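Subject: Handing over the structure

Dear colleague,

I am passing the structure below on to you, and after it I describe what was found. Please read the notes with the structure open beside them.

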There are 2 protein chains.
Amino acid sequence: MTQPGSQLRASTRASGPADQASVRRSNLALVLRHLRDQGPRSRADIALETRLNKATVSSLVADLTHRGLVRETGRQHQRGVGRPGRILELDGREVGALGVEVNADYVAAYGTDLAGRVLVDRRDSFDAMSATPDQAIARLAQAAREALNDMGQAGATVAGITVAVPGLVDVSRGEVLFAPNLGWRNVPIAELLSKAVTPQVPVRADNDANLSALAEFWSGPAAGTPHLVFISGEVGVGCGVIVDGVLLRGADGFSGEVGHMPVDPAGNQCACGRFGCWETKVGLAVLVSQAAPDLAYGSGPVRDVDERLSEILRRADDGDPAAVAAFEEVGRWLGLGASILVNLFNPRVLVVGGYLARVAERMLPIAQCELDRLAMAGLASGCKVVASTLAFGAAVRGGAGLAVEAVLTDPTIVSHAQLRLAPLP
Amino acid sequence: MTQPGSQLRASTRASGPADQASVRRSNLALVLRHLRDQGPRSRADIALETRLNKATVSSLVADLTHRGLVRETGRQHQRGVGRPGRILELDGREVGALGVEVNADYVAAYGTDLAGRVLVDRRDSFDAMSATPDQAIARLAQAAREALNDMGQAGATVAGITVAVPGLVDVSRGEVLFAPNLGWRNVPIAELLSKAVTPQVPVRADNDANLSALAEFWSGPAAGTPHLVFISGEVGVGCGVIVDGVLLRGADGFSGEVGHMPVDPAGNQCACGRFGCWETKVGLAVLVSQAAPDLAYGSGPVRDVDERLSEILRRADDGDPAAVAAFEEVGRWLGLGASILVNLFNPRVLVVGGYLARVAERMLPIAQCELDRLAMAGLASGCKVVASTLAFGAAVRGGAGLAVEAVLTDPTIVSHAQLRLAPLP
C-alpha cells in the first residue's frame, strides 16, 4: 500500500551532467527568490540563510548580475570579523514580463519589469464575438507588439509573454481547445502569436480565470488567502481555484469550468450547445438583455462594456423595474452557483471579477444572502464574497506574474545577449 | 508582490531544544517510511539513500525496533569492504490501526496492523436514522470495543482510531458539526468515543467520503491516480477529492459537500431543509422509493441495504417498469452531478462507492453517457466513472489507513510500554 505524503529525499547516486545543470538552475532560482522574499542582503547572509556554500553564492550572484537580475546597492554590511559584505538586491529593471488577453469584449495588455514597475496597462474594446479567429489573433498580436515596443522604450526587454483566453487551454501545448464565446476550436494560439509578434520570446497560453485567480492571490483584495476561489464575470463565466496557496489545474489543466455547470434543467440554451448552464444565468450578456434589452449584444453598434454597465446601474438607481429585477435575478443565480463552489472547495473567500466586480454594490448583497442560505459548509465557515479591485485587468496581471515566475524558477531563460537586443519592432 | 511556490530552505539559526525533538521525530519517520516504500535493506543503505549519518541511522533503528516498528530479518548484505550489514524491515505486527464508521444504515469496523494484515473487517446493519445520537454512539462504541478486543487477541495493540461520519466534521476538534442523515448537530464524537472505549488510544474523526477517497487512492481500483474524485452513495451523498495526490480539505476541512449542490430549482425538500439538493436525486433512499416503494425507508422492518438492493436489481432484471425507470432517472442525475465535479476538478477518474458501486452495472453506463454529454472538460479529457471494489468498506479502510499514517508521520506515538499492556476490555 503506497500512501500519499511520503516524501523522501532523492538519492544522488544517479547524478550526471544533466543533473548538474538543473542543480545550477535551481540554485540560481533559490538565490533570486531569496533576494525577492527577504530583501537586500550580503553574499555572506545569503550563504548562511540558504545553506549554500559561500563560493557557490559568489558564482551564482555573478551569473545573476550578468543577466541583469541582481545588482549591488552600494551599501555595505559588517557581520563579525572579516571583510564587510556588499549589499545585493533584485534588479530586473531591464527584464520585462507581459500578459495579453483576448476576451469577448476587449483585448488587454499588462507589462511589468521584474522590479515590479508597471510599464503597460491597457484595455481596448474589441468585438471578438463577431470577429473570425484570424481577425482576433491579428488584433491580439497588434496589442502585444505595441506593448513590447512601449516596454522596450522604457528599457525592458520582455522575457516571456502569457496570453489569456476564456476557454479550455492545453497549457503544455499552448493550444486553445475550445472557447465557445470566441468561437475558437483547436487554435494553437501560443505558436500563432509567437510567429506574429516575435519568435525570440517564449509565449505561453492559459485560461483567463486561472490567471485571474493567481493575480488575486498575489495582489488582489484577498491576496495571500490560501483557499480562494475567483469567479470571472464576462460574457462567459469561468473560475480559478487556489487550494492551499497553489492553483488547482486538475489532470489536464481544465479545472474550474464553472460556466457550464448545469444548474437549471428548464433553462435556456448556452453558447456551448447545452441547456441551463450557469453562464446562461449570470453571464454579462444575460444581465444586459434582462436589464436593458435595448443595449443587448447584437442589438446595435459595439459599445464598451463599461458604458453598458454604467447605463444599467444608472437605470437601477432610478428604479427602472427591468434593471432592478435583473440584478435581483442574476444575483440569486450568482449565489446559487457560488454555493456549489463553497460546498465543494470550502474556500475562505470568493472573489468576483470582471463585470461582476463593476456591479458588486448592487449584486453581491443578494448573492451573499443566497449563498448563506444554500451553502452547507457556509453554516460553519462563513465564506465571504468580495469584489475584485483589479477590474478587467486581473487576467493580464496574472499572465505577467506567471512570466515573472518563469524567470524566478529558471533565471537562465534570461540571457545577457537578449537584453542587449534593440527594442523589438 | 509575494507569489506562491517560493519555497526556501528554513534557516537553522533559531534552532532550539524543541526543534531537536521534532528533527528526531521526522528522522524516525523518514527511516520508517523509507523501509515501507523501498523494502528491506541494511542500515548502511538507509544512511546512503536518506543522506542521514550512519551513527544517526543506528540510533534511529534502535529506537524503532524498541517500539516494535522495525526488526532484523536475519539476512545479511555485503556491500564493498567492511562488516556485512544486517537487513531490516518494517515490522508493526504488534501495532494496530482501527477505522470505525456509523452511517445511516450500518456500523462498520476495519482493523489492520502496520504490517498490513487485516485483523477485523465487519459491518452490521443499524438504523441510525431512527436512533438518537446517544444510541448511535453507544452502538459505535460497542463495535470499536469488539474490534479492539479481537485485534488484541491477534497480538496487536491499537495505536489510533479514526471514526468516519457522514457529515461536516471539524477534524481539528474531532467534532461533528452537522450530519443531516444521522440527525446530529455539534457532537464531539472523538471525545465521546474515547471516553466510551478507551482513553489510552487517540481517536480522530473525519468525513466518511474523505476517508473513502483516501482508501481509493491507496488501494481501490484506481489507486495512485493523482486526480481522483470519490462519490459516496449512501442515504446521503458525499465526495472526497484527491488533487495531485493530496486530499483536498479546504479552509475548514468541509470541502466535497456535494450532496447539497442545488441542481433542480423545482426539486423536492432534502433532509438539510433545502430544495433540489443532489442527494434528493441520487441518494439511496430516492432509488429505493422510486424503484420499489414497498421497500422504502420507514415503510417496514429495518432491512439490510444489500437485501434491498438485491431485490431492486432482481426486479429491474425482470423488467419491472418502476425499477427500470428508477435506474434510468437516478443514473441521469448521477451523470449530471458528476459533470459538475468533472468541470470543476478535472479528475482522471471518478470512483463511485457505497450503494452506487453495488448497482454499477445498471447505473454507470447511463451516468457515463450523461456525463459525456454535459461535461465541458470531458470533451477533451474523457474522465471515466468506475465502481469501487471496496463496497461499504471504503471509509473504514481509509480511517485505518489514516491511523497508520499517523504512526508513520510520528513513530513516537507508539510507546514500548503501551505495547506491553494487556489487550483492552
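Helix α14 (residues 394-409) of chain A lies across β4, β5, β7 and β11 of chain A, where its direction runs at about 145° to that of β4(A). Contact here means that the C-beta atoms of two residues, placed from the backbone, lie within 7 Å, and angles run from 0 to 180 degrees between N-to-C directions, with axes fitted as lines to C-alpha atoms, for helices over the stretch in contact. Helices (H or I, at least four residues) and strands (E, at least two) are DSSP runs numbered from the N terminus.

Please bear in mind that this is a predicted model, in which local features need pLDDT of at least 70 and side-chain atom pairs count only at pLDDT 80 or more, while totals for chains, interfaces and linings use all residues. Residues are numbered from 1 along each chain as its sequence is written, and chains are lettered from A and ligands numbered from 1 in the order in which they are written.

The strands just named belong to an open sheet of five strands in chain A, with the order β6-β5-β4-β7-β11 and mixed pairing, where two strands pair if DSSP finds at least two bridges between them. Its edge strands, each pairing on one side only, are β6 (118-125) and β11 (203-207) of chain A. Within the sheet, β4 (residues 95-102) and β5 (residues 106-113) of chain A are antiparallel partners over seven bridges, and Ala97(A) stands opposite Thr112(A) in β5(A).

In chain B, eight of the eight residues of strand β4 (residues 95-102) are buried, so the strand is largely enclosed by the rest of the structure; buried means that 20 or more other C-beta atoms lie within 10 Å of a residue's own, the C-beta atoms being placed from the backbone. Seven bridges join β4(B) to β7 (residues 157-165) of chain B in a parallel run, with Leu98(B) opposite Ile161(B). β4(B) also pairs with β5 (residues 106-113) of chain B, in the antiparallel sense over seven bridges, and a hairpin of three residues joins the two.

Finally, helices α8 (residues 284-291) and α9 (residues 305-317) of chain A pack at an angle of about 45°, with their axes 11 Å apart. In this contact Leu284(A), Val288(A) and Ala291(A) of α8(A) meet Val305(A), Arg308(A), Ile312(A) and Arg315(A) of α9(A).

With best wishes

Methods
Buried ≥ 20, exposed ≤ 12 C-beta atoms within 10 Å, placed from the backbone.
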